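User: I'd like to practise reading a structure feature by feature. Could you walk me through this one?

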Amino acid sequence: MTQWSNGYQQQPPPQYYAPPPPPPPRRNTVAVALIASLSLLVVLVVAIVVVIAVRRGDDEGSTATPASSATSQSGPVDTCLVGNWRQSQYAATMDFSSISDAKDKPLGTVRVTGSGRLWRITADGKATEDFTSTRYSGRTDDGRVVDMTFTGTNEWTLKTQGGQLLFVSTGSTVELTITVDGKQAERTKVEPHNNPQPYACLPNSWKTQSLTDTTASAQYDRV
C-alpha cells in the first residue's frame, strides 16, 4: 500500500527552563512512484509495479518482458524508453488515514485509478515528468468521492540496469490537491522519491510495477 506520511521531526526543547517550541506546521507527502510516479505517481508516485500484461490495440497479444540491456541499451537508459509518453493507465491503493473531509472524518484506504502524466525521456538519461494533466480518482469505503489533481513537473536523471529504472531527482515543483465530494481536503507539495522501478517495454508503450506495493501499476503510451 502506498503510504501517506505526516509532519516534520520536532527538535528537542532547550535543556534549562525555556518553554518547548510550538509544534511545527503539518505537511503531508505522498510516496509516488507516482509512481513515477504515486507516481508514480506515485506516484504517483505513487510506487509503480513488474507487469506482464497484454496491451489493447496494436500491442494486443504481446507479452510485456523487460528488454535485454545487451540488445536495447547503448547509453544510460534503455532505448525503448526514449521519447515522449503519456500515462494511459494508473492504479494504486492509497492510505489516506491522515486526511479528513469537511466533517473531520478520515478517508482511510482508497483505491484510485486515472491517467495523464507525461514523460519526456532523452537518450542521455535526462527526463521531465509533467503532472499538469494528471487526475486520479476513487471512493472511500462509505462512498465519498476522492479526486487527486496535480500541478508542476519533476526533473530526473535516469539510468536503467537489470530491468529496473533508477531515478535521481534534479528538481521538483509538483503540488497535489485532494478533494472529497468536490471540497478541498488537502493541498501539499509532493516530494520526489528515488525508488527503483521494474519496467517492461512493448512496441509502443512501457509499463511499471512497484517493488513494495503490489496494487500499484502504470502504463505509458508513445505520443
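Analyst: Let's start with the surface. This is a predicted model, and its chain has an accessible surface of about 10,800 Å², with 51% of that belonging to carbon and sulfur atoms. Buried residues account for 45% of the 223 residues.

User: What does the secondary structure of the chain come to?

Analyst: Count the elements: there are 16 strands and 1 helix.

User: Now disulfides. How many does the structure hold, and which residues does a disulfide join?

Analyst: Look for two cysteine sulfurs within 2.5 Å of each other. Here there is 1 disulfide, and it joins Cys-80 to Cys-201 with an S to S distance of 1.9 Å. The pair links distant parts of the chain, 121 residues apart: Cys-80 is in the loop between α1 (69-72) and β4, while Cys-201 is in strand β14 (residues 197-202).

User: Are those cysteines buried or exposed, and why is the disulfide called right-handed?

Analyst: Both Cys-80 and Cys-201 are buried. As for handedness, the torsion about their S-S bond is about 55°, so the disulfide is right-handed.

User: On to charges. What is the general idea behind a salt bridge?

Analyst: Side chains of opposite charge can pair when their charged atoms come close. In this model there are 6 salt bridges. One of them is between the side chains of Asp-101 and Arg-144, at 2.8 Å from N to O. Asp-101 sits in the loop between β4 and β5, and Arg-144 in the loop between β8 (135-139) and β9 (145-151), so this pair ties together parts 43 residues apart in sequence.

User: Are Asp-101 and Arg-144 buried or exposed?

Analyst: Compare the relative accessible area with the cut-off: under 20% is buried. Asp-101 has 16%, so it is buried, and Arg-144 is buried too, at 9%.

User: Which other residues are linked with that pair in a network?

Analyst: Lys-105 and Asp-142 join Asp-101 and Arg-144 in a network of salt bridges. Within it, the side chains of Asp-142 and Arg-144 meet at 3.0 Å, N to O. Asp-142 is partly exposed, with 43% relative accessibility.

User: Where do Asp-147 and Arg-135 lie?

Analyst: Start from the contact: their side chains form a salt bridge at 3.3 Å, N to O. Asp-147 is in strand β9 and Arg-135 in strand β8, so the bridge ties together parts 12 residues apart in sequence. Asp-147 is buried at 12% relative accessibility, whereas Arg-135 is partly exposed at 45%.

User: What about a buried acid like Glu-129: which side chain does it meet in a polar contact?

Analyst: Its partner is Trp-156, with a polar contact of 2.9 Å between the side chains. Glu-129 belongs to strand β7 (residues 126-130), and its relative accessible area is 0%.

User: How about a hydrophobic position? Which residues is Leu-107 in contact with?

Analyst: Set aside the neighbours within four places in sequence, and Leu-107 still contacts several residues, among them Phe-96, Ile-99, Val-146, Ile-178 and Val-180. Asp-101 and Arg-144 are also contacts of Leu-107. Leu-107 lies in strand β5 and is buried, with a relative accessible area of 4%.

User: Last one: backbone angles. Which residues have a positive phi without being glycine?

Analyst: Check phi against residue type. Asp-104 has a positive phi of about 65°, and Asp-181 has one near 50°. Asp-104 is in the loop between β4 (83-100) and β5 (106-115) and is exposed at 61% relative accessibility. Asp-181 is in the loop between β12 (175-180) and β13 (183-189) and is partly exposed at 49%.

Note on methods: Residues are numbered from 1 along each chain as its sequence is written. This is a predicted model: local features need pLDDT of at least 70, side-chain atom pairs count only at pLDDT 80 or more; totals for chains, interfaces and linings use all residues. Side-chain values use heavy atoms; hydrogens and water are left out. Helices (H or I, at least four residues) and strands (E, at least two) are DSSP runs, numbered from the N terminus. Buried means under 20% relative accessible area, exposed over 50%, partly exposed in between (1.4 Å probe, protein chains only). Accessible areas come from the Shrake-Rupley method with a 1.4 Å probe; for residues, only the protein chains shown count as cover. A polar contact is a pair of N or O atoms within 3.5 Å; within protein, one must be able to donate a hydrogen and the other to accept it, and residues adjacent in sequence count only if both atoms are side-chain atoms. Contact means heavy atoms within 4.5 Å. A salt bridge is a side-chain nitrogen of Lys or Arg within 4 Å of a carboxyl oxygen of Asp or Glu.
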